[in-house]
Every structure is written in C-alpha cells, then in structure tokens.
Amino acid sequence: MTSYVRFSKEQLPIFKAQNPDAKNSELIKKIAELWRELPESEKKVYEDAYKADWQAYKEEINRIQEQLTPSQMVSLEKEIMQKRLKKKAIIKKRELTMLGKPKRPRSAYNIFISERFQEAKDGTSQLKLKTVNESWKNLSSSQKQVYIQLAEDDKIRYYNEIKSWEEQMVEVGRNDLLRRKMKPQAKSTEKC
C-alpha cells in the first residue's frame with residue numbers, strides 16, 4: 001500500500017466512528033484534506049512503511065522467481081503479457097465507446113436471436129438460447145432472407161456511421177483510431 005492508502009485505511013474507521021451517517025466519499029475527502037495538511041515528518045512514517053513493504057515484496061518475488069524452472073518463467077511471462085494486453089484492450093474499448101464509435105453491424109443470426117430471445121418460453125438463458133438456435137436452424141432459406149436483408153441494411157448503417165465517425169476523429173487529430181485501410185495491391189506486370 002502506498003503511504004497515502006496506508007494512512008487512509010488507518011483513518012477511515014476513526015472518521016466513520018466520529019461521523020456514522022457520513023458517506024464514504026465525504027469521509028475520503030476529509031481524510032485527503034488531513035493528509036495534505038499533515039507535516040512531512042508525520043508523512044515520512046507512512047512513506048518508510050511503504051518502502052519497507054515494497055522491499056519485502058520485491059524480495060519475495062525474487063525468491064519465488066528463483067524457484068521457478070525456465071519453462072515456468074516463460075509461462076508466467078506469457079500470462080503477465082496476456083493480462084496486460086487484455087487490460088489495454090479493455091481501456092481502448094472503453095475509450096472508443098466514450099468517443100462514440102459506432103457498434104459493428106450485426107449478422108442475420110444475431111438479429112434473429114435478439115428478436116426471438118425475449119419471446120422464448122421461460123427457462124434459463126442457456127435453454128432459451130438453445131431453443132432459439134434450433135429455431136434458426138429450422139428456418140427455410142426464404143425465412144432467413146428477411147434477416148439477411150436486415151443484416152445488409154445494418155452493414156450500410158455501420159459503414160455510413162463509421163465513415164462519419166472517422167472523419168470526426170481526423171478533425172480532432174485522432175488518426176490512431178482509424179480503421180486500417182487496405183493497401184492497394186500492386187498490379188502485376190506480365191512479362192511477354
């Protein structure tokens with residue numbers, strides 16, 4: 001725990017006892033204010049505890065890593081990398097949502113499922129999905145054509161919305177968010 005978190009954790013029960021009806025957010029604001037006003041000599045106690053904990057943590061990690069075989073180290077590094085990539089992907093998705101990126105077009109199957117799922121008889125979600133999936137499989141080609149056409153319309157909607165959104169992103173200087181464009185393929189020249 002950082003020095004501030006350690007201080008907050010120590011102070012929160014005291015503040016709660018003094019102000020039982022106060023919201024946690026109000027208490028945290030008061031604790032933060034008290035932390036800012038705390039003299040450096042008193043903050044040093046918490047900072048020293050943080051440094052000692054951090055050193056103990058690093059030593060424990062080193063001790064554990066020394067016991068790992070090379071293959072375990074590789075798998076641990078892969079796992080850590082996957083977690084980092086997953087976290088980055090979640091952050092990027094959240095950012096794109098906040099920037100108003102249009103949702104991808106739905107497939108004919110997705111449209112069918114979303115329409116029929118609520119209509120399915122009571123039961124668990126899994127049973128409903130299984131029932132609706134069977135209904136999809138039993139549809140004739142002409143019945144599926146309705147959903148295929150709706151999916152095509154949704155693709156057009158998406159294309160128009162994404163084009164407009166990308167133009168907005170270019171205007172605000174966020175070219176990094178644009179879809180990757182297909183590079184024009186070089187025309188092959190035939191030798192005669």
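Contact here means heavy atoms within 4.5 Å. This is a predicted model, in which local features need pLDDT of at least 70 and side-chain atom pairs count only at pLDDT 80 or more, while totals for chains, interfaces and linings use all residues. Residues are numbered from 1 along each chain as its sequence is written, and side-chain values use heavy atoms, with hydrogens and water left out.

**View 1. R104 sits in the loop between α4 (70-98) and α5.** Helices are DSSP runs of H or I with at least four residues, strands are runs of E with at least two, and both are numbered from the N terminus. Leaving out residues up to four places away in sequence, R104 touches D154, R157 and Y158. Is R104 buried or exposed? With a relative accessibility of 63%, R104 counts as exposed; the cut-offs are under 20% relative accessible area for buried and over 50% for exposed, with partly exposed in between (1.4 Å probe, protein chains only). For a sense of scale, R104 and Q11 are 48 Å apart from C-alpha to C-alpha, with their positions 93 residues apart in sequence.

**View 2. The largest nonpolar core has ten residues.** A nonpolar core is a set of buried Ala, Val, Leu, Ile, Met, Phe, Trp, Tyr and Cys residues joined through side-chain atoms within 4.5 Å. The members are A108, I111, F112, I113, A120, V132, W136, L139, Y147 and A151. Two or more residues each come from α5 (108-117), α6 (125-138) and α7 (141-171), and α5 gives the most, with four. As general background, nonpolar side chains tend to be buried together in soluble globular proteins. Pick V132 to explore the packing: beyond its neighbours within four places in sequence, V132 is in contact with F112, I113, R116, F117 and A120. Elsewhere, a second, separate core of seven residues includes F7, F15, I31 and L38.

**View 3. R6 and D53 form a salt bridge.** A salt bridge is a side-chain nitrogen of Lys or Arg within 4 Å of a carboxyl oxygen of Asp or Glu, and by this rule the count comes to twelve. In this pair the closest N and O atoms are 2.2 Å apart. R6 belongs to helix α1 (residues 3-18) and D53 to helix α3, so the bridge ties together parts that are 47 residues apart in sequence. R6 is buried, at 18% relative accessible area, whereas D53 is partly exposed at 39%. The C-alpha atoms of D53 and T2 are separated by 9.2 Å, although these residues are 51 apart along the chain.

**View 4. E79 and K83 pair up within helix α4.** Their closest N and O atoms are 3.7 Å apart in a salt bridge. The two residues are four apart in sequence, about one turn of the helix. E79 is partly exposed, with a relative accessible area of 41%, and K83 is exposed, at 56%.

**View 5. R174 and E95 meet in a salt bridge that links distant parts of the chain.** The N to O distance is 2.9 Å. R174 lies in the segment after α7 and E95 in helix α4, 79 residues apart. Both ends are partly exposed: R174 has a relative accessible area of 25%, and E95 has 28%. Include D176 in your selection too, since E95, R174 and D176 are linked in a network of salt bridges.

**View 6. Y50, W54 and Y57 make a nonpolar surface patch of about 320 Å².** Patches are made of residues with over 30% relative accessible area and no salt bridge; like charges are joined within 9 Å, and nonpolar side chains (Val, Leu, Ile, Met, Phe, Trp, Tyr) within 5 Å. Accessible areas come from the Shrake-Rupley method with a 1.4 Å probe, and for residues only the protein chains shown count as cover. Y57 is part of helix α3 (residues 40-67) and is partly exposed, with a relative accessible area of 45%.

**View 7. UniProt lists residues 1-65 and 102-166 for "domain: HMG box" in an unreviewed entry.** The entry gives residues 1-65 and 102-166 for "DNA-binding region" as well. UniProt positions are given in the numbering used here, feature names are shortened, and annotations may be inferred rather than shown by experiment. Residues 1-65 are 86% helix and 0% strand, with the end C-alpha atoms 22 Å apart. Residues 102-166 are 77% helix and 0% strand, and there the end C-alpha atoms lie 10 Å apart.
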